[in-house]
Amino acid sequence: VSTQSTGRFPGPGAMPRLKVNVIKARDLIVADSNGLSDPYPVVTLQKEKQKGKVVFKNLNPVFNQTFNFKFFCANPSDEYLLLELFDHDKFTADDPLGDIVIPLKGLKKGKEDIQWYALRKVPKGEVQVGLTALDDWSVSPNIPDDAYEGDGWDEWQ
């Protein structure tokens, strides 16, 4: 059974799809000497990392950047998404502006779930994100719970 023909999670070896829309952020911390930041998002799902575009000189950036993922797992609802914001620096290492970890549980096929999330590891700031499951995640194969031990999730927390 193909996800393209039925839209249902087809079982072992499946590649469920997720669309991540990083919409905007507000009240970010200042990271540059000009009193502003040059933020950009980095989105990670499992071992795939995607970097977004920089919005220069802005503490309330509008990103409207979309990231598409295909990933392998026993049950997509058990997965988590890591979104990090960084300040772009030309001559030094980029500065972290905070991050969020979003559980993928409860997503419905084709329905974008848009929410604001408070950034972690910084005193202030929020980011608005929309998540859309592009397949029906309600059907999952029978794979043992320990099949993904050592997948790196513990490092995110």
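**Warm-up.** A search of the whole structure, a predicted model, turns up five salt bridges. Let's work through some of them, then look at a sheet.

**Exercise 1.** Work out which parts of the chain the Arg17–Asp135 salt bridge ties together.

*Solution.*
- Start with the contact: the closest N and O atoms of Arg17 and Asp135 are 2.9 Å apart.
- Next, place the residues. Arg17 sits in strand 1, while Asp135 is in the loop between strand 8 and helix 2, so the bridge ties together parts 118 residues apart in sequence.
- Now check burial, where the cut-off for buried is under 20% relative accessible area. Asp135 comes in at 0% and is buried; Arg17, at 22%, is partly exposed.

**Exercise 2.** Do the same for Asp99 and Arg120.

*Solution.*
- The closest N and O atoms of this salt bridge are 2.7 Å apart.
- Asp99 belongs to strand 6 and Arg120 to the loop between strand 7 and strand 8, so the pair ties together parts 21 residues apart in sequence.
- Asp99 is buried at 6%, whereas Arg120 is partly exposed at 30%.
- Finally, widen the view: Asp99, Arg120 and Lys121 are linked in a salt-bridge network.

**Exercise 3.** Find the edge strands of the four-stranded open sheet, then sort the side chains of strand 4 by face.

*Solution.*
- Write down the order: 4-1-8-7, with antiparallel pairing.
- Strands 4 and 7 each have a single partner strand, so they stand at the edges with one side lacking a neighbour in the sheet.
- Strand 4 is joined to strand 1 by seven bridges; for instance, Leu18 stands opposite Phe69.
- Along strand 4, Phe63, Gln65, Phe67 and Phe69 point to one face and are buried; Val62, Asn64, Thr66, Asn68 and Lys70 point to the other and are not.

Terms used: Residues numbered from 1 in each chain as written. Predicted model: local features only at pLDDT ≥ 70, side-chain atom pairs only at ≥ 80, totals over all residues. Heavy atoms only, no water. Pairing = 2+ DSSP bridges. Helix = DSSP H or I, 4+ residues; strand = E, 2+ residues; numbered from the N terminus. Buried < 20%, exposed > 50% of the residue type's maximum accessible area, 1.4 Å probe, protein only. Salt bridge = Lys/Arg side-chain N within 4 Å of Asp/Glu carboxyl O.
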